[in-house]
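Good morning. I will go through one structure today, from its loops to its core. Please have the sequence and the model open.

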Amino acid sequence: MEIVQQTGTQVAHANSGALVPQGASAAPASGEYLTFRLGQEEYGIDILKVQEIRSYEQPTRIANAPDFIKGVVNLRGVIVPIVDLRLKLGCATAEYNSFTVVIVLNVKNRVVGAVVDSVSDVLELNRDVIRPAPELSASTVNTSFIMGIGAVAERMLILIDIEGLMSSADMGLMDAMTVA
């Protein structure tokens, strides 16, 4: 159980003793994260959002879709939109090779595929190794989908709110009918 005490413009969390500016999000809870690579960076998403991991297959292109929406695939009778996270998150290149995979996600009761360079492993992260996301100017960098930074040994994991990212308005994948 977490006890929260508000003092002025900061909130003290009793279980960590850390002060977090009011309105800022605290570090994500402990849990298991699927780690994957986009270029040279390593990211993590909540394992509970992952349905399966598949090898990359060329999707059927949808006319007038943004570049990061590669198209759709038929996954056992379900038409699944495929989003290239490398393009969405601004990676320099997006090469398709034998390591390229699609992480099939269940986001707000909708199945969506996310193309990544490779999947690394599943890590259990405790709250004490997760740091808050850095605060950057909103006009320069959109960090609203970064939940925190996991620091494990020599690794730095950027923890992504995949549900928030996939259901954002600019993605066009979710509408008011699919909100859980």
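In which loop does K108 lie? K108 is found in the loop between strand 9 and strand 10. Before I go on, please note that this is a predicted model.

K108 is worth a second look for its backbone. Its phi is positive, about 50 degrees, although K108 is not a glycine. For background, most residues other than glycine have a negative phi. As for its surroundings, K108 has 23% relative accessibility, so it counts as partly exposed.

There is another case. R76 is also a residue other than glycine, and its phi is positive, near 50 degrees. R76 sits in the loop between strand 7, residues 69-75, and strand 8, residues 78-84. Is R76 buried or exposed? R76 counts as exposed because its relative accessibility is 62%, and the cut-off for exposed is over 50%.

Now the whole chain. The protein chain contains 2 helices and 14 strands. Of its 180 residues, 39% are buried. The accessible surface is about 10300 Å², and carbon and sulfur atoms account for 52% of that. If we take contacts between residues at least 6 apart in sequence, 51% of them join residues at least 24 apart.

Next, the sheet. How many strands form the open sheet, and in what order? There are 6 strands, in the order 11-4-5-14-13-12, with mixed pairing. The edges are strand 11, residues 118-125, and strand 12, residues 130-131. Each of these edge strands has a single partner strand, so one side of each has no neighbour in the sheet. In general, strands of a sheet pair through backbone hydrogen bonds, either parallel or antiparallel. Further in, strand 5, residues 41-46, and strand 14, residues 155-160, run parallel and are joined by 3 bridges. One residue to find here is Y43, whose bridge partner in strand 14 is I158.

Y43 brings us to the rings. The model has 2 aromatic pairs. F36 and Y43 form a stacked pair, with 5.8 Å from centre to centre and 15 degrees between the planes. Both F36 and Y43 are buried.

Two rings also have a charge over them. R86 lies over the face of Y96, 4.6 Å from the ring centre. The charged end of K88 is placed over the ring of F68, at 4.9 Å from the centre.

That leaves the core. In soluble globular proteins, nonpolar side chains tend to be buried together. Here the largest nonpolar core has 26 residues, and F36, I45, L85, I103, L105, I162 and M166 have the most contacts inside it. At least two residues of this core come from each of strand 4 (31-38), strand 5, strand 9 (101-107), strand 10 (110-116), strand 14 and helix 2 (162-166). Which strand supplies the largest share of this core? Strand 9 does, with 4 residues. Apart from this core lies another one, of 9 residues, including V73, I82, V104 and V115.

I will finish with L105. Leaving out residues up to four places away in sequence, L105 touches I45, K49, V50, Q51, R110, V111, V112, A114, I162 and M166. Three of the names on that list, I45, I162 and M166, also appear with L105 among the residues that have the most contacts inside the largest core. Thank you.

Definitions and conventions
Residues are numbered from 1 along each chain as its sequence is written. This is a predicted model: local features need pLDDT of at least 70, side-chain atom pairs count only at pLDDT 80 or more; totals for chains, interfaces and linings use all residues. Side-chain values use heavy atoms; hydrogens and water are left out. Rings of Phe, Tyr and Trp (its six-membered ring) pair if their centres lie within 6.5 Å; planes under 30 degrees apart count as stacked, over 60 as edge-to-face and the rest as tilted. Buried means under 20% relative accessible area, exposed over 50%, partly exposed in between (1.4 Å probe, protein chains only). A charge sits over a ring if NZ of Lys or CZ of Arg is within 6 Å of the ring centre and within 35 degrees of the ring normal. Two strands pair if DSSP finds at least two bridges between them. A nonpolar core is a set of buried Ala, Val, Leu, Ile, Met, Phe, Trp, Tyr and Cys residues joined through side-chain atoms within 4.5 Å. Contact means heavy atoms within 4.5 Å. Accessible areas come from the Shrake-Rupley method with a 1.4 Å probe; for residues, only the protein chains shown count as cover.
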